[in-house]
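Before the labels attached to this structure are taken on trust, it is worth asking what each of them rests on. The questions below take a few labels in turn and set each one against its cut-off.

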Amino acid sequence: MDFIGISIRTAALLVNLALGALVYRRNPRNATNVLLALLTLVIFLWGVANEFSIKATTPEATLFWIRVVMMLAVPLTVFFFLLMYTFPRATLPFSREKLATITVITLLAMATAVSPYLYTHISQG
């Protein structure tokens with residue numbers, strides 16, 4: 001088994017998650033802190049799904065976890081964009097209409113990622 005590799009990846013994900021929680025607790029009303037916390041949460045979930053996709057034992061499980069990884073990559077990039085656009089402000093610099101548009105596009109992209117349209121099948125080779 002790759003015990004050392006799994007331990008390092010797990011520790012990195014947990015430290016990342018703890019950092020996000022710490023930043024959020026310092027000021028939960030600050031948009032930058034909220035976005036960083038959301039980004040670290042999605043990075044954690046993405047990392048876990050990525051690990052499962054690597055360790056899956058059947059092609060069906062591998063395909064499922066790859067779709068989950070791709071689905072989580074969408075909010076990961078969106079939260080990163082929002083964080084970089086917002087930093088260091090305390091409020092989001094977007095109108096409600098723009099945020100609604102970003103949310104709808106994000107949800108559509110996530111739905112596409114888990115649908116059979118992005119990856120139709122997986123083959124061993």
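In what follows, Ala, Val, Leu, Ile, Met, Phe, Trp, Tyr, Cys and Pro count as nonpolar, Asp, Glu, Lys and Arg as charged, and the others, Gly among them, as polar. The model is predicted.

Q: How do you know how the lining of the largest pocket divides by class?
A: The lining consists of I6, R9, T10, L13, L14, F44, G47, V48, N50, E51, F52 and I54, and since Gly counts as polar while Glu and Arg count as charged, the division comes out as 7 nonpolar, 3 polar and 2 charged residues. The pocket itself has a volume of about 220 Å³.

Q: Which elements give two or more residues to the lining of the largest pocket?
A: They are helix 1 (3-26) and helix 2 (31-55), and helix 2 gives the most, with 7 residues.

Q: What makes up the lining of the second largest pocket, by class?
A: Its residues divide into 12 nonpolar, 2 polar and no charged, and V78, F79, L82, I102 and T103 are the ones that lie nearest the centre of this pocket. Helix 2, helix 3 (59-86) and helix 4 (96-114) each give two or more residues to the lining, with helix 4 giving the most, 6 residues. The space in this second largest pocket is about 180 Å³.

Q: Why is the aromatic pair of F81 and Y85 called tilted?
A: Rings pair if their centres lie within 6.5 Å, and planes that are neither under 30 degrees nor over 60 degrees apart count as tilted; F81 and Y85 are 5.6 Å centre to centre with 40° between the planes, and the pair is therefore tilted. The two residues are 4 apart in helix 3, which means that about one helical turn separates them.

Q: Why does F81 count as partly exposed, and Y85 likewise as partly exposed?
A: The label partly exposed covers the range between 20% and 50% relative accessible area; F81 has 42% and so falls within it, and Y85, at 45%, is therefore partly exposed as well.

Q: What makes the pair of F81 and F94 tilted?
A: The ring centres of F81 and F94 are 6.1 Å apart and their planes lie at 40°, so this pair is tilted. Because F81 lies in helix 3 and F94 in the loop between helix 3 and helix 4, the pair ties together parts that are 13 residues apart in sequence.

Q: Is F94 buried or exposed?
A: Buried means under 20% relative accessible area, and F94, at 15%, therefore counts as buried.

Methods
Residues are numbered from 1 along each chain as its sequence is written. This is a predicted model: local features need pLDDT of at least 70, side-chain atom pairs count only at pLDDT 80 or more; totals for chains, interfaces and linings use all residues. Side-chain values use heavy atoms; hydrogens and water are left out. On a 1 Å grid over the protein atoms alone, a cavity is a set of points where a 1.4 Å probe fits but cannot get out, and a pocket is an open set with protein on both sides within 12 Å along at least five of seven lines; lining residues have an atom within 4 Å of a point. Grid points are joined across faces, edges and corners, and a volume is the space filled by probe spheres set on the points. Rings of Phe, Tyr and Trp (its six-membered ring) pair if their centres lie within 6.5 Å; planes under 30 degrees apart count as stacked, over 60 as edge-to-face and the rest as tilted. Buried means under 20% relative accessible area, exposed over 50%, partly exposed in between (1.4 Å probe, protein chains only).
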